[in-house]
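Visitor: I would like a close look at a single part of this structure, and I would like the cut-offs behind each term to be stated along the way. Please take one strand and follow it outward to whatever it joins.

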Amino acid sequence: QVILEESGGGLVQAGASLRLSCAASGRTFSSSNMAWFRQAPGKERELVSAILWSGGYREYADFAKGRFTISRDNDRNTGYLQMDSLQPEDTAVYYCTIGSIWKRWEYWGQGTQVTVSS
């Protein structure tokens with residue numbers, strides 16, 4: 001059984017930073033691609049960023065470029081999303097996901113709430 005557990009969300013003011021973590025167990029994290037998605041109230045879930053299993057390739061949504069950084073530590077079975085210059089429109093539940101094939105996400109965490117006040 002694969003378990004993904006996100007942490008690091010919270011309530012912050014505009015301009016602040018947060019670092020989300022995704023701890024994985026039950027599967028070889030180091031061989032899995034990983035991504036962060038988010039879902040705001042009344043909106044569809046959208047891709048924030050994705051990273052190849054090796055860390056050698058990263059992809060970002062336009063809104064995340066220059067502000068968010070995805071990374072991973074395969075020795076710790078943990079992925080990260082560093083979010084800087086947060087804005088109220090970044091308010092959403094953030095989910096991590098992993099998969100063995102690029103862009104085919106097989107397992108999901110339960111999400112962590114990020115709320116940015118103006």
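Guide: What follows is an account of strand 9 (residues 92–99), its partners and the contacts around them. This is a predicted model, in which local features need pLDDT of at least 70 and side-chain atom pairs count only at pLDDT 80 or more, while totals for chains, interfaces and linings use all residues. Residues are numbered from 1 along each chain as its sequence is written, and side-chain values use heavy atoms, with hydrogens and water left out.

Strands here are DSSP runs of E with at least two residues, numbered from the N terminus, and buried means under 20% relative accessible area, exposed over 50% and partly exposed in between, with a 1.4 Å probe and protein chains only. In strand 9, 7 of the 8 residues are buried, so this strand is largely enclosed by the rest of the structure.

Pairing of two strands requires that DSSP finds at least two bridges between them. Strand 9 pairs with strand 4 (residues 33–39) in the antiparallel sense over 7 bridges, and within that pairing Met34 has Ile98 of strand 9 as its bridge partner. Strand 9 also pairs with strand 11 (residues 112–117), again in the antiparallel sense, over 3 bridges, where Ala92 is matched with Val114 of strand 11. A further 2 bridges join strand 9 to strand 10 (residues 107–108), and these two run antiparallel, with Trp108 of strand 10 as the bridge partner of Thr97.

Strand 9 is also tied by a covalent link. A disulfide, counted when a pair of cysteine sulfur atoms lies within 2.5 Å, occurs 1 time in a search of the whole structure. Cys22 and Cys96 form this disulfide, with their sulfur atoms 2.0 Å apart, and the link is right-handed, with 60° about the S-S bond. Because Cys22 lies in strand 3 and Cys96 in strand 9, the pair ties together parts that are 74 residues apart in sequence. Both cysteines, Cys22 and Cys96, are buried.

On the strand 3 side (residues 18–25) we find Ser21, which counts as buried at 18% relative accessibility. Taking contact to mean heavy atoms within 4.5 Å, and leaving aside residues up to four places away in sequence, Ser21 touches Glu5, Glu6, Ser7, Trp36, Thr78, Gly79 and Tyr80.

Trp36 leads on to the nonpolar core, a set of buried Ala, Val, Leu, Ile, Met, Phe, Trp, Tyr and Cys residues joined through side-chain atoms within 4.5 Å. The largest such core has 25 residues, and those with the most contacts inside it are Trp36, Phe68, Leu81, Met83 and Tyr94. Strand 9 is among the elements that give two or more residues to this core, together with strand 3, strand 4, strand 5 (46–51), strand 7, strand 8 and strand 11. In soluble globular proteins, nonpolar side chains tend to be buried together.

Strand 7 (residues 68–73) contributes through an alternation of side chains: Phe68, Ile70 and Arg72 point to one face and are buried, whereas Thr69, Ser71 and Asp73 point to the other and are not. Strand 7 runs antiparallel to strand 8 (residues 78–83), to which 6 bridges join it, and Phe68 stands opposite Met83 in strand 8. The two strands form a hairpin with 4 residues between them, and Asn77 in the turn has a positive phi of about 55°.

Charged pairs complete this view. A salt bridge is a side-chain nitrogen of Lys or Arg within 4 Å of a carboxyl oxygen of Asp or Glu, and a search of the whole structure finds 6 of them. Asp73 and Arg76 meet in one of these, at 3.3 Å from N to O; Asp73 counts as partly exposed at 22% relative accessibility, and Arg76 as exposed at 59%. Salt bridges that share partners also join Arg38, Glu46, Arg67 and Asp90 into one network. Within this network, the closest N and O atoms of Glu46 and Arg38 are 2.8 Å apart; Arg38 is buried, with a relative accessible area of 7%, while Glu46 is partly exposed, at 32%.
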